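This report covers helix packing and aromatic pairs. Please keep the model open while reading.

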Amino acid sequence: MVSEELLPVSHVVYGLRIATNLPVPGVPVRSGSDHIDVWIRLKDEAAPATVFSDAPGDFFYTSPNSGAKDESVLRVGMLPCGKYFGFFYNDGARFAIDREGREVWADWPENYTLEDACTYLMGPVIAFVLRLRGITCLHASAIAVDDRAIVLFGLAGTGKSTTAAAFALSGFSVLSDDVAVLTDQGERFLVQPGYPRVNLWPDSVRTLFGSGDALPRITPTWDKRYLALDRAGRRFQSEPLPMGAIYILGEREAELTVPVIEDLAGHEAFTTLVANTYVNYLLDGDMRAREFDVLGRVLAGVPVRHVLPTADPSKIFPLCEAIAADARRLAVRDSTSATSAAD
């Protein structure tokens, strides 16, 4: 195991204390800690010979999406040394993750940037680390409404990150964008904070700000942008909150003039949650069984709501208001029910 003294930078993200040799862009640096959960080496020449000595002969996962050269964007397999899982991206970035989710090595081509590599590190790589540690991750954004976290799901294009950014611009604190990490406390689940950014494609930036280039790029080479949550009066929720409700964003409805929010329960709710967990394509049988148990208990205690937005994307701020009002009604209902049960 790498010693903490050799990794001088400390971060806290998704409930994990991590030590790195380089600061991760966008993630606040924290004071050192006696306890470190994960050691991360970024482009470190001290990598042992067994790391990245050779690519796996067989990959147990190959992504269906292809890059410019008709290659799979991501391939994942066990490295020949048998100690690490290898993530190989078609742009040359590669990561090694040990079996216990306690150590990560990252490498990339010379024409690459740290920011490029960290887009993967703070997404699929850190999510797989969490999975190896038995922690369930949802492919969702999380917002603080009063003293509870609401979680926003949505298929690609339904606007969960855009909605999270609109919540931020409306004065709400944001816990995380794209990855919502659950801490299982038995009778309730906490949603852990990620880092103070919401990443947005230019169309979303244009919807919110009137211009697609109104925000800085996440890397010099990607067109995606980010909304910083630690400046300009915006707020990042840096402490975990109990999960109060789940909202699933549906497709926009042309005939609606106001958003409609309704209950979703039973088998439909369960299958929707299963389909929206993060890096679920990398789970083995034990991980999947653990996930099913967690999601079943989430549904037993957390309301799931289906949201039908209006067709007008400029109405995103009223959509946030409607979701927040609904979350507050649910919180009052739950509080009343708990009081009645105690009596």
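Which residues in H1 meet Met-287, Arg-290 and Glu-291 in H5? They are Phe-128, Arg-131 and Leu-132. Contact here means heavy atoms within 4.5 Å. The residues of this contact divide into three nonpolar, no polar and three charged. Ala, Val, Leu, Ile, Met, Phe, Trp, Tyr, Cys and Pro count as nonpolar, Asp, Glu, Lys and Arg as charged, and the others, Gly among them, as polar.

This is a predicted model: local features need pLDDT of at least 70, side-chain atom pairs count only at pLDDT 80 or more, and totals for chains, interfaces and linings use all residues. Residues are numbered from 1 along each chain as its sequence is written, and side-chain values use heavy atoms, leaving out hydrogens and water.

**Helices**

Helices (H or I, at least four residues) and strands (E, at least two) are DSSP runs, numbered from the N terminus. The axes of H1 (residues 114–132) and H5 come within 11 Å and cross at roughly 85°. Axes are lines fitted to C-alpha atoms, for helices over the stretch in contact, and angles run from 0 to 180 degrees between N-to-C directions. H1 and H5 are therefore roughly perpendicular to each other (65 to 115 degrees).

In H3 (residues 202–209), the buried residues (under 20% relative accessible area, 1.4 Å probe, protein chains only) are Pro-202, Ser-204, Val-205 and Leu-208. Seen down the axis of H3, they fall within an arc of 155°, so they line one face of the helix. The arc is that of the directions from the helix axis to the C-beta atoms. Gly-210 follows H3, with a positive phi near 90°.

H4 (residues 266–275) buries Ala-269, Thr-272, Leu-273 and Val-274. Its buried residues pack against strands E12 (148–154), E19 (241–249) and E21 (304–308), and against helix H5 (285–301).

**Aromatic pairs**

The whole structure holds ten aromatic pairs. Rings of Phe, Tyr and Trp (its six-membered ring) pair if their centres lie within 6.5 Å; planes under 30 degrees apart count as stacked, over 60 as edge-to-face. Two pairs are tabulated here.

| Pair | Type | Centre to centre | Between planes |
|---|---|---|---|
| Tyr-61 and Tyr-281 | stacked | 4.4 Å | 25° |
| Phe-270 and Phe-292 | edge-to-face | 5.5 Å | 70° |

Tyr-61 sits in strand E5 (residues 61–62) and Tyr-281 in the loop between H4 and H5, 220 residues apart. Tyr-61 is buried at 14% relative accessibility. Tyr-281, at 35%, is partly exposed (from 20% to 50%). Phe-270 lies in H4 and Phe-292 in H5, 22 residues apart in sequence. Ring pairs also link Phe-60, Phe-85, Phe-87 and Phe-128 into a cluster.

How values were computed. Angles under 35 degrees count as roughly parallel, over 145 as roughly antiparallel, 65 to 115 as roughly perpendicular and the rest as oblique.
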